[in-house]
Amino acid sequence: MIVVKDLKKQYNGLQVLKGVNLTINKGDVVCLVGPSGCGKSTFLRCLNRLEEPDGGTVTLDGKEITEKDIDAVRAKMGMVFQHFNLFPHLTVRKNITLAPVKLKRMSQKEADQTALKLLERIGLADKADSYPNMLSGGQKQRIAIVRALAMNPEVLLFDEPTSALDPEMVGEVLELMKELAHSGMTMVVVTHEMGFAREVANRVIFIDEGKVQVDKPPQEFFKDPENPRLKAFLSKVL
Amino acid sequence: MASLAEQFEVLSGLAKSGAHLSFGQDFFVKFYQAFLLSNRWQQYIEGVGTTLVVTAIALIIGVILGGVVALVRTAHDQQRHSHRNFLLGVVNQICKIYTTVIRGTPMMVQLLIMGMVVFASSRNFTVVGALTLGINSGAYVSEIIRGGLMGVDPGQMEAGRSLGLNYMTTMVTIVIPQAVKSILPALGNEFIILLKDTSLITVIGGKELLYAAQGVMNRTYEAMFPLLGTAVIYLILVMIFTWLLGKLEGRLRQSDRR
Ligand SMILES: Nc1ncnc2c1ncn2[C@@H]1O[C@H](COP(=O)(O)OP(=O)(O)OP(=O)(O)O)[C@@H](O)[C@H]1O
Ligand SMILES: [Mg+2]
């Protein structure tokens, strides 16, 4: 579904991505891991062009993603951020319904109903009229996920969705992500949660030195890593 | 007891005949001349009215101009390097020249140029003055608004864009509403600066408060009371608006905590 070819990105001379090739199929749950600063976020953000790649192509459903039709592409590629990025001046309900209504996908009424259904699914229906800063981190992130879901995306991108959370709240977010994965959602997840990668992903990808180094199902990925850098990385994080 | 008017007649008659007045008597005569004689206080009141109207007009022009300039400059700076819009580049340059020129020249000079060169044939000095103040204020307001827009977490723009909203929609529905909170207090400050700067339009004949005071000075050949009166009126106005602004800020901070 997403095909990445020779993706390159540099920041004022620092070559972060040196030609990444990757194909993500429908229904894939791909976990991206790698040492800090190796370019995981950069890669993810190049997919929906929050960062502009310097070279290479990204295609979605056979169509190359360009700057011109980027808004339409982003509507199909939800993104969940490390710091949630909920809109603090809007209620939870408005956070969820803003994009579908503004993009004329739904009337306000339909969107409100969808929002309520989604909130019920995560057990936060009673927070519909709250503002984001009245919520816990875990609640915020789950609502951010639901906000992305309200657009009915084909794929969800997660950039370290649990890294900003207190430990006791990590579980509830991972649980929701697991549920999504099982419902067949295509997901690309940058994470340090190796447990999640092992249990939920069908592919785990190790990025280092600006390239995809390893791309394997989790059983093989974690069992006996051949790649020496992956070995070193895993011995640090496991 | 004689009325104030009668007392004034007696005392000013004495003064004219060369008699020496006590300090209190002298004070009374000058005060009466400056504010009460032939209902001169009405001229000050009218002056205050004009001052407030000019301030309001200038602020409205300033906010509209400043808002447009700020949006153009922010949109220009947030463009992708490989997808620069030529037209936006041109407009951005014009905006930059505007802010540079306005902020780099004295307001008094701008007023004289507008009043005596650009609108030399206009008799409507007050309107020309308000317009000039507005154009001047716009340059400063644009920086206030730009600062407010840049102060919003970039993650907000990213979140909006990642949902598929375009730049303008994200700006209007997500970034601007959050920037307003930091912009409003600074804008209030600008209002107070403008309020005081309206006094400058006197130089091109704008009929505001100071103009009224000068009218009285020209009649009475007495400067102290009209000028002190003007100063006191400005001070009171500024204090009232500062107080109101304080209340507004309090409100804004409260809504932050919800
Ligand atoms: N906007 C930017 N300007 C300049 N350099 C940047 C920018 N964004 C990222 N970098 C640099 O690019 C490299 C890759 O950053 P990136 O955020 O993609 O790493 P990461 O793998 O996500 O790391 P982490 O696990 O810490 O999130 C880092 O060295 C970082 O300093
Ligand atoms: Mg990162």
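Phe233(A) is buried in this predicted model, with a relative accessible area of 8%, and since buried means under 20% relative accessible area, the value leaves no doubt about the class to which Phe233(A) belongs. Phe206(A) counts as buried as well, at 0% relative accessibility.

These two residues form an aromatic pair. A pair of aromatic rings is described by the distance of the centres and the angle of the planes. For Phe206(A) and Phe233(A) the centres are 5.3 Å apart and the planes make an angle of 35°, which is classed as tilted. Phe206(A) lies in strand β9 (residues 203–208) of chain A, while Phe233(A) lies in helix α9 (residues 228–237) of chain A, so the pair ties together parts that are 27 residues apart in sequence.

Over all chains, the structure holds three aromatic pairs, and two of them are set side by side in the table.

| Pair | Centre to centre | Angle between planes | Arrangement |
|---|---|---|---|
| Phe206(A) and Phe233(A) | 5.3 Å | 35° | tilted |
| Phe191(B) and Phe241(B) | 4.8 Å | 70° | edge-to-face |

The pair in chain B joins two helices: Phe191(B) belongs to helix α8 (residues 167–197) and Phe241(B) to helix α10 (residues 224–256), so parts that are 50 residues apart in sequence are tied together. Phe191(B) counts as buried, at 16% relative accessibility.

Chain A also offers a strand that is mostly covered, namely β7 (residues 155–159), in which five of the five residues are buried. Val155(A), Leu157(A) and Asp159(A) point one way from this strand, whereas Leu156(A) and Phe158(A) point the other way.

Which strands pair with β7(A)? One is strand β6 (residues 77–80) of chain A, which pairs with β7(A) in the parallel sense over four bridges, and there Met79(A) has Leu157(A) as its bridge partner. Another is strand β8 (residues 186–190) of chain A, which pairs with β7(A) in the parallel sense over five bridges, with Val188(A) standing opposite Leu157(A). Between β7(A) and β8(A) the chain crosses through helix α6 (residues 167–182) of chain A, and this β-α-β crossover is right-handed.

The surface of chain B shows another kind of feature, a nonpolar patch whose members, among them Met108(B), Leu112(B), Ile113(B), Phe119(B) and Val203(B), have about 730 Å² of accessible area together. Ile113(B) has its place in helix α5 (residues 107–118) of chain B and is partly exposed, with a relative accessible area of 42%.

Key
Residues are numbered from 1 along each chain as its sequence is written. Chains are lettered from A and ligands numbered from 1 in the order in which they are written. This is a predicted model: local features need pLDDT of at least 70, side-chain atom pairs count only at pLDDT 80 or more; totals for chains, interfaces and linings use all residues. Side-chain values use heavy atoms; hydrogens and water are left out. Buried means under 20% relative accessible area, exposed over 50%, partly exposed in between (1.4 Å probe, protein chains only). Two strands pair if DSSP finds at least two bridges between them. A crossover is right-handed if, with the strands pointing away from the viewer, the path from the first strand over the helix to the second runs clockwise. Patches are made of residues with over 30% relative accessible area and no salt bridge: like charges are joined within 9 Å, nonpolar side chains (Val, Leu, Ile, Met, Phe, Trp, Tyr) within 5 Å. Accessible areas come from the Shrake-Rupley method with a 1.4 Å probe; for residues, only the protein chains shown count as cover. A salt bridge is a side-chain nitrogen of Lys or Arg within 4 Å of a carboxyl oxygen of Asp or Glu. Rings of Phe, Tyr and Trp (its six-membered ring) pair if their centres lie within 6.5 Å; planes under 30 degrees apart count as stacked, over 60 as edge-to-face and the rest as tilted.
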